[in-house]
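User: I am new to this structure and would like a close look at one part of it. Please go through the contacts between side chains, with the aromatic pairs at the start.

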Amino acid sequence: MTLAFVFPGQGAQTIGMGKALADAYPAAKAVFDEVDEALGESLSSLIWDGDIETLTLTQNAQPALMATSMAAMRALEAEGVDVTRAAFVAGHSLGEYSALAAAGALSVADTARLLRTRGQAMQSAVPVGEGAMAAILGLDLDAVRAVAEEAAQGGVCQAANDNDPTQVVVSGAKVAVERAAEIAKEKGAKRAVMLPVSAPFHCALMQPAAEVMAEALAGVEIKAPAVPLVANVRAEAVTDPVLIRQLLVEQVTGSVRWRESVQYMVAQGVTEAWEIGAGKALSGMIRKIDRSVACSAVGTPEDVQKALQAGD
């Protein structure tokens with residue numbers, strides 16, 4: 001079997017995530033300690049004992065999800081499975097940073113600081129209440145792009161996440177996104193769901209955040225990843241650190257081409273995907289993209305053991 005490690009994005013966060021891993025594996029606990037030190041605060045206390053509203057704030061959720069993914073990665077490594085077992089790494093939006101940390105391209109401390117900066121920059125790029133995102137269910141990417149174009153009416157409305165054949169997310173100005181949701185239903189979408197997000201991610205309104213990230217990324221060392229990264233904005237494998245830096249900036253305003261990324265990995269021979277960290281959202285998307293890919297979620301000590309048995 002050819003394996004890919006995939007890393008979840010925002011929305012997968014839960015109170016208590018990663019705690020069992022930290023209790024079972026000293027190397028997993030060390031990740032949370034390293035993130036706490038890098039941020040100068042106890043993010044782990046918020047993750048394990050805080051309230052979900054505070055954890056869900058973009059500036060907290062992003063480094064918290066990365067920490068949980070890296071804790072799961074360290075647990076796998078403690079059991080003798082390192083990142084080179086995979087042919088590719090890929091992550092959904094912020095998960096791309098987790099993927100790069102797992103592949104050794106970024107240090108955990110730098111990744112935590114970058115994601116805190118990214119979360120703050122994305123939150124402050126658009127005043128609260130002026131942007132929105134909506135999941136359009138039952139229309140394909142071309143149809144949703146046409147809907148977004150019709151809905152924009154001089155404002156910003158773009159296809160932001162091409163998640164799977166049944167779900168494309170639009171992002172932009174709140175009035176335009178609400179208009180897109182109505183137009184999509186008129187054009188045969190099964191549902192159009194406004195998402196509980198605090199900012200309109202992956203659209204042109206995020207340009208101020210892209211500029212902040214360009215500056216932040218310029219000051220961080222990026223090494224060649226131990227295995228190729230399938231980049232969100234290209235939906236193909238990259239290994240060059242200069243290109244990776246550029247694509248992480250483009251990713252702030254660009255679309256997350258998840259469906260195409262999975263199709264690319266399948267075309268390269270991937271038959272199995274391990275979702276490293278919190279939740280099972282990516283596994284669900286992958287099954288809708290290509291049912292032939294065997295998916296496993298690796299977020300608890302029990303999951304680690306199951307994955308080891310499946311990988312034997």
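Analyst: What follows covers aromatic pairs, a charge over a ring, and salt bridges. The model is a predicted one.

A search of the whole structure finds three aromatic pairs. One of them is formed by Phe5 and Trp274, with ring centres 5.6 Å apart and 25° between the planes. The pair counts as stacked, because the angle falls under the 30 degrees set for that class. Phe5 belongs to strand β1 (residues 3–7) and Trp274 to strand β9 (residues 272–276), so the contact ties together parts that are 269 residues apart in sequence. Both Phe5 and Trp274 are buried.

Another of the pairs joins Phe88 and Tyr264, at 5.9 Å centre to centre. Here the planes stand 70° apart, and the pair is edge-to-face. That class applies because the angle is over 60 degrees. Distant parts of the chain are linked by this pair too: Phe88 lies in strand β2 (residues 88–91) and Tyr264 in helix α12 (residues 258–267), 176 residues apart. Phe88 has 9% relative accessibility and therefore counts as buried. Tyr264, at 22%, counts as partly exposed, because the limit for buried is under 20%.

A ring can also face a charged group. Lys19 is placed over the face of Trp48, 5.5 Å from the ring centre.

Next come the salt bridges, of which the count is 12. One of them is between the side chains of Arg74 and Glu77, at 3.2 Å from N to O. Both residues lie in helix α5 (residues 58–78), three residues apart, which is about one turn of the helix. Arg74 is partly exposed, with a relative accessible area of 24%, and Glu77 is partly exposed at 30%.

Helix α7 (residues 108–124) holds Arg113 and Asp110, again three residues apart, or about one turn of the helix. Their side chains meet in a salt bridge of 3.0 Å, N to O. Arg113 has a relative accessible area of 38% and is partly exposed.

A further salt bridge joins Glu236 and Arg234, whose closest N and O atoms are 3.8 Å apart. The contact qualifies because the distance is within 4 Å. Glu236 is partly exposed at 34% relative accessible area, and Arg234 is partly exposed at 31%.

Technical notes. Residues are numbered from 1 along each chain as its sequence is written. This is a predicted model: local features need pLDDT of at least 70, side-chain atom pairs count only at pLDDT 80 or more; totals for chains, interfaces and linings use all residues. Side-chain values use heavy atoms; hydrogens and water are left out. Rings of Phe, Tyr and Trp (its six-membered ring) pair if their centres lie within 6.5 Å; planes under 30 degrees apart count as stacked, over 60 as edge-to-face and the rest as tilted. Helices (H or I, at least four residues) and strands (E, at least two) are DSSP runs, numbered from the N terminus. Buried means under 20% relative accessible area, exposed over 50%, partly exposed in between (1.4 Å probe, protein chains only). A charge sits over a ring if NZ of Lys or CZ of Arg is within 6 Å of the ring centre and within 35 degrees of the ring normal.
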